[in-house]
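Colleague: I am new to this structure and would like to learn how its features are read, one at a time. Could you take me through them, giving the general idea first and the case at hand afterwards?

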Amino acid sequence: GFNGWLAEMDPEAVTLVFPVAYLNNPASMFGHTLLRIDTKKSNGQTRLLDFTVNYAASTREERGLSFAFKGLFGGYQGSFSVAPYYVQVKRYGDLENRDIWEYRLALSEEEVLRLLKHAWELKSAHFDYYFLDENCSYQLLSLLEAARPSLHLLDHFGLWAVPADTVRAVADVKDLVSAATFRPSRRTVLQERARNMPAAWQDAAKCIGDGRCPTDSISNRGLSPTDQSAILELAMEYVGYRYAKETDHTAENDPGLMRILTARSKLETPSQTPRIEQPPERPDRGHRSSRAEISWGCENDRQFFQISLRPVLHDLIDPPGGYIQGAQLEFLDTAVRHDASDGNLALEYIDFIDIVSIPTRNRFIKPFSWKANAGLQRWLFEDDDRPIIGQGNVGGGLSYGVFSNATIFLFAEAMALVSDRFDEKIAIGAGPSGGFIFEPTNRWRMAFYTRSLAYAVGSTRLCYDIDLEQAIDLTQRSGLRVRLSRHRAFGPAYNAVSAGLVVYF
């Protein structure tokens, strides 16, 4: 019964746990939240044994369009579950390589007890799960409100409840968060181990980790036992990362790992695990996810004023603090334009979804980059006509870090356009694209992008885009955007320039 369950929990406090976003899993693109029940006997070393309260949808590993449709419109059942914290850390930190933030909450003993009583009441209940609003984070806020009804956390959320915003809502309550702790993922630890190591040592560690070199191959290089230990520990970390990535399991019984562990045990040196500093910006202190912009510009000799609104979440040159590097995820970004020459006010574009993932590659980590976009946008045709047409775009490629403040990327893309301007009402083109993201200072970022698409279905046309966009932060919640571009669509080539003020809210 409840009393036995409560005795097993032995609760002292509650911690809000936030595994950050993971773009390669559609259900985790916005991140996830769960609650950890901290027991009276646990400490920093035994915290992994504490229990968690989690709310999730039962998707039966379904994917594709049916997964997205059911997730958006309540086609899955959601329920609460209880599991040890180490299970969650293994899933999010080791298998999905997501950094985890832990926010310890200053709830009283009575409030913790109320929360657990409500969780017990809900343990066999099922709810319709909606990815955008009544999701994991929304339901956990209801648990916190049950613990302390005066919080009114759910009042902040209507049409959508993004996990990062729910964490921010909790952190914004005065004195509710008593401490915030960063738990790095396996990939973050691997990158930090390699970061300050000479390239030759990294190559040796990878060779050992891949099983191409014996573990004693570094013993005759004149390296100290400490340096050899660092190389072997990097090889161990790499094996664990690669094994989890390829098999969805950890590598405890892998023979190659056992050989590396045996070699490491013969070196009587302390652990070379690096100290990983907490990132300077917590997720709850990053920019707010909604953004509005008012801009002036000139396109094809026509001046315009434009207002745009993006409900969620982040693009590649928004302020990066608290967000994943190289990840763009935007929903329903919409712009309305007023043409100064004829006074017309019309929809300029609406991006239903716009995703770009450009994680950088190195010796040990070789992720693929990808992008997807679907929406409506005006395209220039002959006779200065700009009808709005449907578009869908996908691409795959590679990205690399250059120095410490730049990323270059290259894609192969395909575009489908839907309009009565084309034969059979559709045009399909493909071609290369590429560019770079550069951050000269903490408050100044720029993105250069170029694309060339050759259309062979519905139209025979070579279209191209060349864009340079800059973002300059003014305050925590405002900034400037400056754009210069040249385009060739289905009419004459033209230049465009615009400057705007953006506000995050």
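Modeller: Let us begin with strands, keeping in mind that this is a predicted model. Two strands are said to pair if DSSP finds at least two bridges between them, and the strands themselves are DSSP runs of E, at least two residues long, numbered from the N terminus.

Colleague: With that in hand, which residue in β3 does arginine 36 stand opposite?

Modeller: Arginine 36 stands opposite threonine 52 of β3. The strands concerned are β2 and β3, which run antiparallel and are joined by three bridges.

Colleague: How many bridges does β3 form with strand β4?

Modeller: Seven bridges pair β3 with strand β4, residues 76-84, and the sense is again antiparallel. One of the partners can be named: asparagine 54 has serine 81 in β4 as its bridge partner. As a general idea, the side chains of a regular strand alternate between the two faces of the sheet. In this structure, five of the seven residues of strand β3 (residues 51-57) are buried, so the strand is largely enclosed by the rest of the structure.

Colleague: And how many residues of β1 are buried?

Modeller: Eight of the nine residues of β1 are buried, and therefore this strand too is largely enclosed by the rest of the structure. On the pairing side, β1 and β2 are antiparallel over six bridges, with leucine 34 in β2 as the bridge partner of valine 17. Strand β1 is also joined to β5 by six bridges, running antiparallel, and there proline 19 stands opposite isoleucine 100.

Colleague: Let us turn to aromatic rings. What describes a pair of them?

Modeller: A pair of aromatic rings is described by the distance of the centres and the angle of the planes. Taking centres within 6.5 Å as the cut-off, the count here is 16 aromatic pairs. In one of them, the ring centres of phenylalanine 30 and phenylalanine 331 are 5.6 Å apart and the planes stand at 35 degrees, so the pair is tilted. Phenylalanine 30 belongs to the loop between β1 (11-19) and β2 (34-39), while phenylalanine 331 belongs to strand β11 (residues 327-339), so this pair ties together parts that are 301 residues apart in sequence.

Colleague: Is phenylalanine 30 buried or exposed?

Modeller: Its relative accessibility is 15%, so phenylalanine 30 counts as buried, the cut-off for that word being under 20%. A further tilted pair is made by phenylalanine 381 and phenylalanine 422, at 5.8 Å centre to centre and 45 degrees between the planes. Phenylalanine 381 is in the loop between β13 (369-378) and β14 (388-402), and phenylalanine 422 is in the loop between β15 (406-418) and β16 (426-441), so the pair ties together parts 41 residues apart in sequence. Both phenylalanine 381 and phenylalanine 422 are buried, and they belong to one aromatic cluster with Trp379, Tyr455 and Phe490.

Colleague: Over the face of which residue does lysine 123 lie?

Modeller: Lysine 123 lies over the face of tryptophan 120, at 4.5 Å from the ring centre. In another case, the charged end of lysine 371 sits over the ring of phenylalanine 411, 5.3 Å from its centre.

Colleague: How many salt bridges does the structure hold?

Modeller: There are 47 salt bridges in the structure. One of them joins glutamate 102 and arginine 183, whose closest N and O atoms are 2.9 Å apart. This pair links distant parts of the chain, since glutamate 102 is in strand β5 and arginine 183 in strand β7, 81 residues apart. Glutamate 102, at 7% relative accessibility, counts as buried, whereas arginine 183, at 22%, is partly exposed.

Colleague: Which residues are joined into one network by salt bridges that share partners?

Modeller: Start from glutamate 469 and arginine 481, which form a salt bridge with the closest N and O atoms 3.0 Å apart. Salt bridges with shared partners join these two with Arg291, Glu293, Arg310, Asp315, Asp318, Glu330 and Arg483 into one network. Arginine 481 itself is buried, with a relative accessible area of 1%.

Terms used
Residues are numbered from 1 along each chain as its sequence is written. This is a predicted model: local features need pLDDT of at least 70, side-chain atom pairs count only at pLDDT 80 or more; totals for chains, interfaces and linings use all residues. Side-chain values use heavy atoms; hydrogens and water are left out. Rings of Phe, Tyr and Trp (its six-membered ring) pair if their centres lie within 6.5 Å; planes under 30 degrees apart count as stacked, over 60 as edge-to-face and the rest as tilted. Helices (H or I, at least four residues) and strands (E, at least two) are DSSP runs, numbered from the N terminus. Buried means under 20% relative accessible area, exposed over 50%, partly exposed in between (1.4 Å probe, protein chains only). A charge sits over a ring if NZ of Lys or CZ of Arg is within 6 Å of the ring centre and within 35 degrees of the ring normal. A salt bridge is a side-chain nitrogen of Lys or Arg within 4 Å of a carboxyl oxygen of Asp or Glu.
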